[in-house]
Structures are given as structure tokens and as C-alpha cells.
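Open the model in your viewer and follow along, one selection at a time. Each stop says what to pick and what you will find there.

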Amino acid sequence: MPKVTIDGQTIDVPAGTLVVEAAKPLGVHIPVFCYHPKMQPVGMCRMCMVKIGTPKMDPATKQPVLDEKGSVVVNWMPKLQTGCTTVVSEGMTVETMAPDAIDARRSMIEFLLTSHPLDCPVCDKGGECPLQDHTLNYGPGKSRFYVESKFHNDKAVPLSPLIMLDRERCIQCARCIRFQDEIAGEPVLGFADRGRGLEITTFDDPPFDSNFSGNTIDICPVGALTSRDFRFTARVFELNDHPSISPMSPEGANIYIGERDNEIKRITPRENEAVNEIWLSDKDRFVNHFAYSAERLTTPMIRAEADLKPVSWFEALTFMANRLRPTIAEGGGKTIAGLAGDRVSNEDLYLFQKLFREVLGSNNLDHRVGWSQWNAGDELVKNFGAGVGTNLGEFGKGSTILVLGADPQNEQPVMRLRLSKAAKQGANLIVANGRVTKLNGSAQQSIIYKYGAEANFLYGISRALIDAGLHKAERANGVDDFVSALNLPVADYADQAGVSEDALKKIAESFAASENGIILFGREFMFAMQNDPAVEAALNALVLLSGHFGKKNNGVIALYPHNNSMGAVDMGILPKEGGLSAKDFGLKSKVLYIVAADPARDDPKFRNPGFLIVQDLFLTETAQKADVVLPAASWAERDGTFTSIERRVQYFTRALEPMPNARADWEIIQDVANELGARWSYDSASDVMNEISQTVPQYAKMSHERLRVTARRRSSVQTVGGDSAEPVQMALGQLFGDVSGAQWASVSEINADARFDVKFVETDDRRQTTDGAYLAVTRALFDRGSLIHYSEIVQSRIPAAAVEINSHDAEEWGITDGERVKITLQIKPPRVLELNARVDGTVPQGVVAVANNLDGTANLPMGARVKIEKA
Ligand code: SF4
Ligand code: FES
């Protein structure tokens with residue numbers, strides 16, 4: 001570790017550390033503009049100039065030369081150096097307060113301000129602006145230039161429906177361009193023109209087409225990039241920043257809710273290096289307006305003849321209880337079913353299942369609303385979930401990541417960033433699916449297998465592991481039987497999966513050679529698990545035989561679709577012991593209680609089964625059919641916990657006063673239970689979590705107290721020598737390295753002696769023998785969900801539904817890009833859609849893909865055979 005002395009303080013730092021980073025632990029702030037610790041240094045702005053010297057060496061002894069006082073003689077470099085591009089070397093001396101360094105910084109500020117409008121009093125960045133801070137701390141105090149001679153560039157240039165650019169404020173640091181290029185992998189910004197006219201521009205159509213565009217606002221060191229919903233609505237120093245978790249993020253992205261006067265003004269990222277680092281998807285950032293929409297429910301309602309009429313909470317609960325009591329008395333809870341959306345908190349979900357199992361006497365519970373989110377693989381997660389402390393952002397050489405049947409760009413966008421980053425850092429990223437997704441661009445090995453042949457694909461890898469003698473059997477029962485049942489050569493499995501034998505062998509070898517191995521499986525893979533039980537068996541076998549489980553950075557991650565899908569599984573919102581699943585609720589239940597879900601929106605055949613209770617934020621399509629409607633509080637109006645797809649339980653605080661009459665879901669559920677004779681007395685969500693920690697084994701010892709991260713109130717200026725503890729870390733590039741939340745440990749990790757069965761299940765490949773094209777059901781990031789619907793700013797980001805067709809198929813079928821086509825699903829009863837064709841090469845021949853969360857495309861069955869013709 002090289003030793004460096006900065007402003008008289010000496011520190012050992014890891015080899016390769018930049019001078020700007022070496023200075024931070026010493027409390028020495030070297031101001032930067034273009035440098036950001038999350039991106040490669042470029043040395044463009046020259047703000048970080050420092051005086052640097054190295055020890056003068058005696059050529060004879062190869063030892064440092066000492067002066068008469070015994071101190072090392074320093075060879076000062078003839079010119080100032082940029083601290084952001086200079087790597088520390090042994091014995092280096094740095095002076096940040098040398099007169100020429102001070103002078104250089106002062107000159108840089110003066111120079112930058114010759115073309116800057118100095119409109120801080122109206123600028124959104126004012127109060128958290130590095131240029132403003134550095135001008136105060138390092139600038140000359142006055143300028144030798146006349147205001148009239150400033151170069152004026154365009155102001156208020158719409159870069160996209162989400163982002164506005166003020167070209168006049170831009171200091172040409174290229175952070176935004178580099179973020180889009182290096183981090184997002186969507187290089188849609190660039191510089192145009194030259195000299196003082198140099199300007200940021202977007203050169204794609206639609207403009208600034210990225211799922212991550214909002215991050216450029218945070219890291220822009222001036223107010224050049226602003227969000228179109230926050231712009232001019234509040235000053236940043238008026239905001240209360242409440243630590244929270246995104247209600248849109250399956251990855252559990254950490255956020256601040258910037259609140260003023262009981263309104264959400266903006267969402268910004270909160271650093272959590274094990275989750276989202278400092279990044280958010282645009283969905284996390286911009287879908288929040290629903291929380292204070294004028295269309296929120298503000299009163300309970302009950303059906304009186306044809307209409308829903310507003311009533312008091314007392315009337316609504318009495319009405320419900322009077323209807324539920326005789327139903328319970330007649331048939332126990334067998335005819336009562338409960339559907340809870342996986343966007344509400346663990347505390348809500350826990351009490352919902354307790355209400356059903358203990359008060360209503362029903363196991364008819366589910367959180368899987370439709371085809372779009374039919375989660376599977378929970379047993380695999382329970383047994384082999386990625387080890388506690390796993391951090392995909394730290395993956396690099398020696399790690400293999402296998403991603404199966406997933407499209408994280410559209411479903412878990414922050415996860416996509418982290419997987420791409422891991423690949424850049426040297427991890428061996430293998431992406432396998434039946435079609436091409438954005439993640440393929442980052443992969444070392446891209447596999448396009450035949451949809452429907454997932455089990456054979458995995459069996460082929462296991463066979464290759466076994467043939468090479470690389471499999472592990474220490475913790476598996478039934479290995480011999482499995483090996484003899486797996487009786488085809490690798491080439492045959494490869495042939496059936498539509499991939500090469502070499503590809504399967506290469507995956508097996510890289511898994512065996514890697515210190516860390518992790519498998520992520522996505523929604524398309526979960527569809528395959530439902531269609532063919534062999535798929536889950538084959539994945540279970542591969543995990544066991546690879547030996548990559550039960551420890552940090554090894555195991556499986558299920559890429560579930562919503563912010564608390566994992567919590568819904570953990571809290572038991574699944575049919576157990578003979579209970580009905582959501583697919584059968586309509587047929588066999590007489591009473592349906594729905595919390596935070598809108599099945600009628602996706603299913604025109606949805607019916608009120610006899611008595612329908614809906615608890616939600618809005619009068620959804622389902623609520624319009626209800627007998628009782630109960631107004632719930634949004635996530636911003638109460639506290640609680642969500643569990644991310646990496647099984648990280650995270651606490652979110654209350655940021656807003658609830659809408660009139662709206663109450664937290666757990667409070668409503670408690671009142672319903674007590675109205676039916678229970679004697680629950682939870683005073684807070686924290687009380688509920690205390691009970692969860694007693695009854696849900698994985699959550700033992702968890703409490704709000706332990707999960708809570710002290711909210712750091714961000715203050716705007718980090719002055720030299722000032723006592724502000726909270727710089728604006730995103731923009732200044734001063735990060736804290738925070739990690740928060742608590743992961744629960746899998747069975748294989750808790751119990752190192754636990755053994756697991758490995759079984760061969762014959763694959764069911766019937767679907768490969770039928771005619772027509774294979775329908776792959778995909779998802780769009782922005783969809784028709786009710787929370788998105790009430791967030792006006794993102795409406796233009798919701799794509800029109802389309803069908804993706806391979807160019808060879810399109811030619812054969814006589815279809816051109818953009819043409820209207822008729823799609824006939826060969827199911828019973830048949831279903832016909834009319835959509836525009838997109839001929840773009842992401843699907844292989846014989847496959848067509850449709851996102852099933854857009855207008856007219858809900859509830860499409862993955863794997864259906866379809867016929868396509870001109871409309
Ligand atoms: S817009 Fe902001 S981030 Fe982009 S180059 Fe200009 S100052 Fe830098
Ligand atoms: S040149 Fe170092 S921060 Fe820009």
C-alpha cells in the first residue's frame with residue numbers, strides 16, 4: 001500500500017488510488033467538477049489542480065535522498081497536476097493549499113463563470129450546487145469580466161418529457177454523457193458545436209431515450225439538467241428529505257422523498273452501495289405523483305342498490321362484518337378468498353394473511369394477480385437464496401453470473417445496471433433467454449435457447465459438469481439416481497435446447513472454475529417453471545451440483561416483478577394446505593377481499609363473486625364493481641418495510657400526512673379483524689414487525705428499530721472547515737459507502753449440514769411440436785398500472801403495444817416494420833389481437849414477442865401458438 005502525504009497528513013492507501021480519493025479520509029477536500037467516483041476520470045475541467053511531488057531518489061542506493069534535517073527531499077513536478085487523474089505512488093507528497101494551486105482553482109472558477117448565467121436565485125440546483133459551493137469556497141469573489149460580455153446559450157431546452165436542459169448553465173464536464181455511456185450503457189447524449197458554443201445534445205429518437213435519464217440531474221454539478229416536474233416548484237433547502245424505499249423497485253432502491261407542505265416535490269436517490277448505489281430508474285424517480293393525486297379515495301364507500309355511496313368508517317366496517325359473519329358461520333372460510341397486491345408492506349401482508357387464516361378460517365390467499373406476475377421458484381430462494389452480504393456491484397474476476405429468462409432492463413432496471421457493471425469489472429456474465437434483451441450487450445456469453453426447452457438447457461449444463469467430473473455432491477441426496485436418469489449426451493440436450501454443445505460445456509466449466517457463482521432467473525423463466533415442472537427440478541439440480549450456494553456471493557436470486565413480491569412470499573400470501581390460488585378465486589369463492597390489486601383492469605371477464613371488498617388508493621376498475629371500498633394510505637403516508645428481490649428487508653419512513661380518511665392497510669385490516677371478534681391491539685407497524693420477527697423464522701430479530709437508518713438530512717454546502725456533515729454527495733462526488741437493510745439467510749446458509757434432494761423430472765416439451773409461432777410474453781417498464789396512470793409526467797414513456805417479429809419471418813409472412821397485423825392465439829377460446837409489427841431482430845425465427853402490460857395485451861399466455869397475418 002503506497003504511503004502519501006497530503007497537506008502534511010500521511011496515509012496508506014490501496015495501490016491505484018487517485019489523489020482525490022486518497023485525500024477524502026484525511027478530511028481534505030479537493031474540489032472537482034468532471035470527476036465522479038462512479039465514473040472513469042477524464043481530467044477535463046482542471047478544477048482539481050494540486051501540487052505534487054515524489055521523493056528524490058539516490059540513483060546509487062535507490063533510496064530517498066534526505067535533507068540536513070533528515071526529511072525526504074521532494075522532487076516537485078514542474079506544473080500543477082490534476083488530482084483526479086493522478087494515481088498515488090509510494091512517498092508522494094501533495095499540497096492542495098499551495099499558492100499556485102489556490103490560484104489555479106480561483107482562475108478556473110473565474111473562467112467558468114464567464115459563460116455561466118449566475119441565476120442561482122431561480123436555479124433548481126441553488127443550495128446544492130457544486131459550482132455555487134466551489135465559487136464560494138475557491139472562487140475569486142469578483143470577476144474581471146463584464147456581465148454583458150457573457151456568452152448566452154439556449155435556456156429551457158426540452159431534452160425529453162422528463163428532463164429540461166439549460167445550455168447556458170452547462171460547464172461542459174461531460175458527466176451526463178459519460179453516465180449514459182459508462183453506467184447506463186445508453187449513449188444517447190453528446191456534445192455538439194465547439195468552443196464556447198459547445199452544447200449538450202441528444203441525438204436519438206425519441207429524445208433522451210433512456211430508463212435512467214434522471215440520474216444525470218443528480219450528478220450534473222450545475223443546474224443545467226433539471227427535472228420537468230420539480231423545476232421551479234420549490235427550493236431544495238425548503239424540502240424535508242424523508243428516507244424511503246421506492247414503491248416501484250423490486251430491487252428495493254433507496255430514495256429520499258423530498259417533501260414540502262405535505263406534497264412530494266421530488267424523489268432523489270439515497271446511497272446504498274449494496275442495492276442501488278446512487279442510481280434510480282426513471283420509474284423509481286418519476287412515478288410518485290399518484291400519492292397526492294386529487295383522485296385518491298378519501299372516504300369509505302358501500303354499495304347501496306346500484307351505486308357506491310360514501311359512508312363513515314364505522315358504517316363500512318359494520319356493513320362488511322354483517323355480511324362476512326353468516327358466510328363464516330355457513331361454510332367456514334372456504335368461500336372467502338383474499339388477493340393482496342405485492343406493492344404493500346410486509347406489515348400489511350402479514351396481518352392480511354393472519355386475518356384470513358386466524359379470523360376468517362381461509363387459506364384462499366394469493367398475491368399473483370395474473371400472468372404478468374405469476375411468481376415461482378420461492379422454494380429455490382428459500383433453500384439457496386444468494387448468501388447474506390452478496391453485493392453484485394462488487395462482482396469481478398473469479399465470479400460467474402448466469403441470468404436465465406430475464407429482461408432486467410424492463411423489469412429490474414437498477415439490477416441491469418449492476419449486472420452490466422459486474423461484467424465490466426471482469427465477472428463472467430452469461431445471459432440465456434429465448435430472445436435478445438438489453439443485457440445481452442454486456443454478456444461474455446449470450447445464449448438464445450428454444451423457448452420451451454429450458455429444462456433440457458439446464459440438464460445439458462449439469463450433464464457437462466458430471467462428464468467433466470466437476471460436479472459437487474456433498475450436500476445433495478439422490479445424486480446417483482439423478483446421474484443415471486440424465487442419460488443423454490450433452491450434444492443431445494444441446495440439440496433439444498437449440499444451442500451448441502460447446503456453449504453448454506463452456507458454462508459448466510466456467511461455473512466450476514469460478515470462486516463465486518450466482519444464478520438469477522426472471523419472469524420468462526418463471527413462466528417456463530409453471531409450464532413444465534422439469535424446469536424447476538433442473539435448476540435445483542444445477543445449483544446443487546455446482547456447489548455455488550450457502551455462502552456470500554453464491555446462490556440464486558428470483559427476479560420478481562414488484563417492490564414487495566419477495567415480502568408477499570415471505571409473509572405467506574400464497575395458497576397453503578389446499579387453499580385456492582388466484583386463478584380459481586372467480587370460480588369457487590363467494591366473497592373476495594382485495595388489497596392493492598386491480599384484476600378487473602386486466603381481465604374483462606372479472607366478476608364480483610357475490611361480495612367484493614376492495615382496499616386501495618383509487619376507485620380502480622375492480623373497486624367500481626365492489627360492495628365495499630376502503631381508502632388506503634399510500635406508502636409515503638405511513639411507515640413499514642419492503643423486502644427486495646435480494647431478500648433485503650428495508651424500512652421506509654412516513655413522509656406525508658395521510659389523505660383525509662385514508663388509513664394504513666394494516667390498520668384497516670386490524671379493524672376488520674376486531675369487528676369480527678378478534679382482539680388485536682397493534683399500535684403501530686413496528687408492533688406488527690415485532691410479531692413478524694417472532695412468527696416468520698427468516699425475520700427473527702428484525703425490528704423497525706434495527707432496520708431504521710438514521711435519516712441524514714442533506715444540507716447544501718460543504719464548506720472548507722465548515723461543520724456540515726452532509727454534503728450533496730451525488731453531485732460533489734463525495735459518497736459515504738452506505739449499506740443498509742438486513743438480508744435473511746437461506747436454509748443452506750443457516751445450516752451448513754443441511755442436505756437437499758436432487759431429482760430428475762422428465763421434461764414436457766409438447767409445446768415444441770405444435771404449429772404457428774411461439775408467443776413470448778414480455779414486459780414494458782412503464783405500463784398501465786394505476787400508480788403510473790396517476791403520474792402524468794411519465795405518460796409519454798408508456799409505449800404503444802406492438803408485436804416483435806424476426807425479419808426472416810416478417811419477409812415470409814409479407815409483413816413490414818410498423819404495419820398493422822392480426823395475431824390469432826390458438827388457445828381455447830381463441831383470442832385475436834391487432835397490433836403494429838416491430839421488425840427488429842430481438843426475437844429468433846419462429847418466435848414473436850408482445851409486452852403484456854400495455855393496452856389490450858393483458859393476460860397473454862406465454863408459449864401460446866399464434867398465427868400472424870396482415871390486419
Ligand atoms: S449538462 Fe451538466 S453534467 Fe452535462 S456536461 Fe453540462 S454541466 Fe456537465
Ligand atoms: S480535471 Fe479533475 S475534476 Fe475535472
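Select residues 189-192 and 199-202. These are strand 9 and strand 10, an antiparallel pair joined over 4 bridges. Keep in mind that this is a predicted model. Pick out Phe191 and look across to its bridge partner, Ile200 in strand 10. The two strands form a hairpin, with 6 residues between them. Stop at Asp193 in that turn: its phi is positive, about 70°.

**Asp7**

Go to Asp7 for another positive phi, near 45°, in a residue other than glycine. Asp7 sits in the loop between strand 1 (3-6) and strand 2 (9-12). Most residues other than glycine have a negative phi.

**Ligand 1**

Select ligand 1 and show what surrounds it. The shell has 13 residues. Cys170, Cys173, Ala174, Cys176 and Cys220 are the closest. What kinds of residue make up the shell around ligand 1? Colour it by type: 11 are nonpolar, 1 is polar and 1 is charged.

**The parallel sheet**

Now select strands 19, 20, 21, 23 and 24. They make an open sheet of 5 strands with parallel pairing, in the order 21-20-19-23-24. Which strands stand at the edges? They are strand 21 (445-448) and strand 24 (555-558). Each has a single partner strand, so one side of each is left without a neighbour in the sheet. Turn the view to see the twist, which averages 15° from one strand to the next.

Zoom in on strand 19 (residues 399-404) and strand 23 (residues 516-521). They run parallel and are joined by 6 bridges. Label Leu402, then find its bridge partner in strand 23, Ile519. Strands of a sheet pair through backbone hydrogen bonds, either parallel or antiparallel.

Add the helices next. Helix 16 (residues 523-531) lies across strands 19, 20, 23 and 24. It runs at about 75° to strand 23. Then show helix 17 (residues 533-546), which packs on the sheet and touches strand 19, strand 23 and strand 24. The direction of helix 17 makes about 170° with that of strand 23.

**The antiparallel sheet**

Select strands 28, 29 and 30. Here is an open sheet of 3 strands, ordered 28-29-30, with antiparallel pairing. Strand 28 (640-643) and strand 30 (742-743) are the edge strands, each pairing on one side only. Strand 28 and strand 29 (residues 648-652) are joined over 4 bridges. Label Phe642 and look opposite, in strand 29, for Gln650. Now bring in helix 8 (residues 346-360). It packs on this sheet, touching strand 28 and strand 29. Its direction makes about 90° with that of strand 28.

**The cavities**

Switch on a cavity display. Rolling a probe the size of a water molecule over the atoms shows where empty space is left. How many cavities of 30 Å³ or more does a search of the whole structure find? There are 6. Go to the largest cavity, with a volume of about 630 Å³. Its lining counts 41 residues. Select His562, Arg601, Arg779, Asp783 and Gly785 to find those nearest its centre.

Which helices help to line the largest cavity? Those supplying at least two residues each include helix 6 (282-286), helix 10 (408-411) and helix 11 (413-424). Helix 20 (599-602) and helix 26 (786-789) do so too. Colour the lining by type: 15 residues are nonpolar, 13 polar and 13 charged.

**Strand 34 and its partners**

Finish at strand 34 (residues 820-825). Strand 35 (residues 831-839) pairs with it in the antiparallel sense, over 6 bridges. Label Thr824 and look opposite, in strand 35, for Val832. Strand 34 and strand 35 form a hairpin with 5 residues between them.

Step into the loop between these two strands and pick Pro829. Is the peptide bond from Lys828 to Pro829 cis or trans? It is cis, with omega near -10°. Most peptide bonds are trans.

Last, show strand 37 (residues 865-870). It runs antiparallel to strand 34, and 5 bridges join the two. Find Leu825 and its bridge partner in strand 37, Val866.

Terms used:
Residues are numbered from 1 along each chain as its sequence is written. Chains are lettered from A and ligands numbered from 1 in the order in which they are written. This is a predicted model: local features need pLDDT of at least 70, side-chain atom pairs count only at pLDDT 80 or more; totals for chains, interfaces and linings use all residues. Side-chain values use heavy atoms; hydrogens and water are left out. Two strands pair if DSSP finds at least two bridges between them. Axes are lines fitted to C-alpha atoms, for helices over the stretch in contact, and angles run from 0 to 180 degrees between N-to-C directions. Contact means heavy atoms within 4.5 Å. A residue is near a molecule or strand if one of its heavy atoms lies within 4 Å of it. Ala, Val, Leu, Ile, Met, Phe, Trp, Tyr, Cys and Pro count as nonpolar, Asp, Glu, Lys and Arg as charged, and the others, Gly among them, as polar. On a 1 Å grid over the protein atoms alone, a cavity is a set of points where a 1.4 Å probe fits but cannot get out, and a pocket is an open set with protein on both sides within 12 Å along at least five of seven lines; lining residues have an atom within 4 Å of a point. Grid points are joined across faces, edges and corners, and a volume is the space filled by probe spheres set on the points.
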